[in-house]
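Please examine the sequence and the model shown below. The paragraphs that follow lead from the surroundings of the ligand to several individual positions and one helix.

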Amino acid sequence: METLDDRLIATHLGDDYDRFMGAVVPPVFMNSLHVFPTMEQYLQCDPKKDFIYGRIANPTVRLVEQKIAALERGKTAALFASGMAAATTAIAAVCKAGAHIICLRNCYGPVIRFLDEYCVGSMGMSVDYVPANAEDIIGAIQPETRLMVLESPTSLVFEVIDLRKIAKAAREKGIITYVDNTYCTPLFQKPLDMGIDIVMHTLSKYLGGHSDIIGGVLVCNDDALSERLLNMRILFGGIIGPQEAWLVMRGIRTLDVRLAHHQETALAVAKFLESHPKVLRVNYPALPVSPHYTLATEQQSGCTGLLSFELEGDKEDALRFCNRLQLFKIGVSWGGFESLVVLPMYKHAPEDAAYYGANDKLVRIHCGLEGADNLIEDLRQALL
Ligand SMILES: *Cc1c(COP(=O)(O)O)cnc(C)c1O
C-alpha cells in the first residue's frame, strides 16, 4: 500500500461521508454490542473483522487504530484504556514464566514496578535493568532473553538509544523489541521502520493532547504477533472506551501543528536556560551541545516539549524555584496544552538518582502552548 502523507492520515484517513450521512466528523459509536439480521449471519461472523461485542472491537476505536497504524507504518494497532494497560498486555503476550527480559533503567517507572512485582514476583521471569546505550543493552542478551523493553528518548534525562543497531542485534537472536514512542509521537519517530517489533504510546500525552483522556496503543507489523496482542487485549479486557477513542481522533487531527509549536517553544526555552548563569545543565536532545544530538538528528525528525535541567544550589533551591513559577503548573504528566513542572528525583537518595543518570534537584518541565516569550518570562522571574 502506498504510504500517505502523515498530515493527510492525521486529518482525513477514515473519513466516510456516505456512511455517516455527510457528517464531517465520524460519530462516536456508543454501543456495547451489535445485532445481526439472522442467526446464520451471527454464527458466521468473523471476530477479527465484524463487530460483535464492545470488549472485542468498536467502530470508533477501529477508526483510530487505523489512523495510528498508518502513522506508525504498522499493519495493525490496538487501543487500550491506558498506556499501562498497553504495556502490561504486550509484556504478558510475549513472555512466559522463566523468560529473561532486558529493560532500560530509565524506563517509565510503573513499567519497572510491573516487571518487578508481577513478572519477577509472580511469574518467575528475570529482568536485567541496563543503562541507556546500545552496547549495554546488546551486552545483556542471554540465551533465555525474550523481550527488550526500550524507550527513546527516555523521559527523565532524555537519553537517545540507537534503535536500528539494537533491533538488528535482537532480530538475529529472535528477541522481540518493544519501544515506548510516547515522547516523539509517530510524527517524529517511526521505530517499526527501524526494525523494532512493537511500538507503544500512551495516548494520555501528545496524541490526546488536551489533558482530558487516558489511553494507550500498541502497533506492530507482524501478523502472528499482532494476533497475540489482540487476543490478550480481549482476554484482559483492556480496550479503550469509544468516547476516549473519539477524543484521541480529535487530538490527532491537530498533532502536526501542536508538535511544531511545542518543539519551537521547547527549543527557545532550552536555549534560554542553557545561557542562564544559574542553570548548570540542560537535557534536551535538540540542543547541539547534547551528547545525544547526533543520534537524535539521525533517527528522529524532531523533539517535543519535554526537557529537564539542573539549577545551581541544592534541591531546596529547586523546590523554591518551582513554587515561584506562575505559568508552569505543578503536576505530573505532559503532552497537553499546558506547561507543567515536577521534581522527579526530589524524594530519591542522591545515589539512587545517580543510578538514573540524574540528581535529586533535577527539574523537569513540559513546554505547553502558552508561547515561548511568556514561558521564558516566567522562568526568568523564578530564576531571580
Ligand atoms: C505517562 C506515560 C506512560 C503511561 O501511560 P498511562 O496512560 O498513564 O498509563 C508510559 N510511558 C511514558 C513515557 C509515559 O510518560
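In this predicted model, α4 (83–94) and β6 (198–202) each contribute at least two residues to the shell around the ligand. That shell consists of five nonpolar, five polar and three charged residues. Among the 13 residues around the ligand, the nearest are Met84, Asp180, Thr202, Ser204 and Lys205.

Several polar atoms of the protein lie close enough to oxygen atoms of the ligand to be listed with their distances. Serine 204 places an N or O atom of its side chain 2.7 Å from a ligand oxygen. For glycine 83, a backbone N or O atom is found 2.8 Å from an oxygen atom of the ligand, and for tryptophan 334 a polar side-chain atom lies 3.4 Å from a ligand oxygen. On its own the ligand has 380 Å² of accessible area, of which the protein covers 91%.

Threonine 182 leads on from this site, in that its side chain makes a polar contact of 2.6 Å with the side chain of aspartate 180, one of the residues that come nearest to the ligand. Threonine 182 belongs to the loop between β5 and α8 (185–188). A polar atom of the threonine 182 side chain also lies 3.1 Å from the backbone nitrogen of threonine 202. Is threonine 182 buried or exposed? Its relative accessible area is 5%, below the 20% limit, and threonine 182 is therefore buried. Beyond its neighbours within four places in sequence, threonine 182 is in contact with Met200, His201, Thr202, Lys205, Tyr206 and Trp334.

Asp180 also appears in the surroundings of serine 152. This serine is situated in the loop between β4 (145–151) and α7 (163–172). Serine 152 counts as buried because its relative accessibility is 0%. Its side chain reaches the backbone nitrogen of isoleucine 161 at a distance of 3.1 Å. When neighbours within four places in sequence are set aside, the contacts of serine 152 include Glu159, Val160, Leu163, Asn181, Cys184, Gln189 and Gln299.

The loop that holds serine 152 leads to α7. Which residues of α7 are buried? They are Leu163, Ile166, Ala167, Ala169 and Ala170. These residues lie on the same side of α7 because they cover an arc of only 165° around the axis. The background is general: an α-helix has 3.6 residues a turn, so residues three or four places apart point the same way. The buried residues of α7 pack against α6 (134–139), β4, β5 (176–180) and α12 (293–299). Lys168 and Glu172 are exposed, and they are carried by the face of α7 turned away from its buried side. Just after α7, glycine 174 adopts a positive phi of about 70°.

A final position to consider is leucine 311, which is located in strand β9 (residues 306–311). With a relative accessibility of 5%, leucine 311 counts as buried. Not counting residues up to four places away in sequence, leucine 311 touches Lys278, Val279, Leu280, Ala318, Phe321, Lys361, Val363 and Leu383. One of these, valine 363, is 52 residues from leucine 311 along the chain, and the C-alpha atoms of the two are separated by 8.0 Å.

Terms used
Residues are numbered from 1 along each chain as its sequence is written. This is a predicted model: local features need pLDDT of at least 70, side-chain atom pairs count only at pLDDT 80 or more; totals for chains, interfaces and linings use all residues. Side-chain values use heavy atoms; hydrogens and water are left out. Helices (H or I, at least four residues) and strands (E, at least two) are DSSP runs, numbered from the N terminus. Buried means under 20% relative accessible area, exposed over 50%, partly exposed in between (1.4 Å probe, protein chains only). A polar contact is a pair of N or O atoms within 3.5 Å; within protein, one must be able to donate a hydrogen and the other to accept it, and residues adjacent in sequence count only if both atoms are side-chain atoms. Contact means heavy atoms within 4.5 Å. A residue is near a molecule or strand if one of its heavy atoms lies within 4 Å of it. Accessible areas come from the Shrake-Rupley method with a 1.4 Å probe; for residues, only the protein chains shown count as cover. Ala, Val, Leu, Ile, Met, Phe, Trp, Tyr, Cys and Pro count as nonpolar, Asp, Glu, Lys and Arg as charged, and the others, Gly among them, as polar. The arc is that of the directions from the helix axis to the C-beta atoms.
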